[in-house]
Amino acid sequence: MSDRLARLRRLLTARDLDAVLVSEPADVRYLSGFCGDEAVLLLSRDAAFIGTDSRFWAQVAAEVAGLELVRSEGGEALVADLLAAWDATGGPEGGSRRLGFQGDVLAYSGYRRLRRRFDGRLVNVGARVGALRVVKDSDELQAMRRAAAIAEEALEAAVAGGLAGRTEREVAWAIEAAVHRAGGDDLAFPTIVATGPHGALPHAIPGDAVMAPGDLVVIDMGARLDGYHSDITRTFAVGEVDDDARAVYEVVLRAQLAGLAAVRDGVACRGVDAAARHVIEDAGYGASFGHGTGHGVGLEIHEQPRVGRLSGDRLASGAVITVEPGIYLEGRFGVRIEDTVVVTDGGCERLTVSAKGLRVVA
């Protein structure tokens, strides 16, 4: 944690800040080790505080080292109590302090209170704080490899008994139970199970639709372990499917492999998106692939970097992303194939390693 706080302090210097408030829960956990629900950090050039309410004082004492606990009533008082602790350390005089904050997280009412105190000396550094989490260390990667293995074990267990005659909701429940049996702390996100025409909805919610022979079924799921997430999508055939479905599946598979082949240190994220998207466009399905090709994964299921047409991010060795192109034909079916991978100097390491040829499940 001391190295992570040191990197945040370098951000203070780079932006000529006297302190930064960190209120995004994933960033708080990354910088402090605190796993509770509500806390805010304040890091200055020579002091570090974590503020929370009485529900978590003992937890902070057990989990956090190197930050001074500010005991607060919570709510609106939390930031005020942190600022009071900072004031007590001294520092720049005459109201000249510059404060960084996370604009995507801070409520507008909280921003107004800060603005009254700091006037034009507030600087939104939210994305820059989150960027500290992009490159994973060895402990983080170990947790993510385990989370990926748990997800694949759970997915296999859920489909092993067949799909025909089961509802989407039944399979989603089976996946959740299997994640816990395999040792996961929880699902990474609500599981998507979508059969037949429902599969044309990229974020379909599992319902009572029954899987029938001839359907394609999209299953998108993940596991969370020690705070870290995994993400995998596979599309299954319920018995034999028609030639059109197989042809579309092969296009998506080629697109996904092209996206994976484009991943390496230093590559523009939009280049990975383009590699996958060109395959789909060349096959005539460009209008049926609307979302980005992937996203970062870590303490959040969606985090930096973004892998899409408009992304300005670049990949860095040690970053973890998904590669997940799809084709969605309204009223007919959908296909998506997704892996979670670690970016390396010369390519990528797949964390989700199960086979990707079209699998027929009775």
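This passage describes the packing of two helices and the surroundings of one histidine in a predicted model.

In the model, helix α9, which spans residues 243-262, packs with helix α10, which spans residues 269-282, at an angle of about 155°, and the axes of the two helices lie 8 Å apart. Because angles over 145 degrees count as roughly antiparallel, α9 is classed as roughly antiparallel to α10. The crossing of these two helices, α9 and α10, is right-handed. On the side of α9, the contact is formed by V251, R254, A255, A258, G259 and A262, which meet G271, V272, A275, A276, V279 and I280 of α10. Sorted by class, the residues in this contact of α9 with α10 comprise 9 that are nonpolar, 2 that are polar and 1 that is charged.

A second site concerns H229, which is located in strand β11, a strand covering residues 228-229. With a relative accessible area of 7%, H229 is buried, since the cut-off for that class is under 20% relative accessible area. The side chain of H229 is placed 3.5 Å from the backbone oxygen of G227, and a polar atom of the H229 side chain also lies 3.4 Å from the backbone oxygen of L299. When residues up to four places away in sequence are not counted, H229 touches M144, A147, A188, A223 and R224, as well as V297, G298, L299, E300 and I301. L299 thus appears both among the residues touched by H229 and as the source of a backbone oxygen 3.4 Å from a polar atom of the H229 side chain.

Terms used
Residues are numbered from 1 along each chain as its sequence is written. This is a predicted model: local features need pLDDT of at least 70, side-chain atom pairs count only at pLDDT 80 or more; totals for chains, interfaces and linings use all residues. Side-chain values use heavy atoms; hydrogens and water are left out. Axes are lines fitted to C-alpha atoms, for helices over the stretch in contact, and angles run from 0 to 180 degrees between N-to-C directions. Helices (H or I, at least four residues) and strands (E, at least two) are DSSP runs, numbered from the N terminus. Angles under 35 degrees count as roughly parallel, over 145 as roughly antiparallel, 65 to 115 as roughly perpendicular and the rest as oblique. A crossing is left-handed if the near helix is turned anticlockwise from the far one by less than a right angle, and right-handed if clockwise. Contact means heavy atoms within 4.5 Å. Ala, Val, Leu, Ile, Met, Phe, Trp, Tyr, Cys and Pro count as nonpolar, Asp, Glu, Lys and Arg as charged, and the others, Gly among them, as polar. Buried means under 20% relative accessible area, exposed over 50%, partly exposed in between (1.4 Å probe, protein chains only). A polar contact is a pair of N or O atoms within 3.5 Å; within protein, one must be able to donate a hydrogen and the other to accept it, and residues adjacent in sequence count only if both atoms are side-chain atoms.
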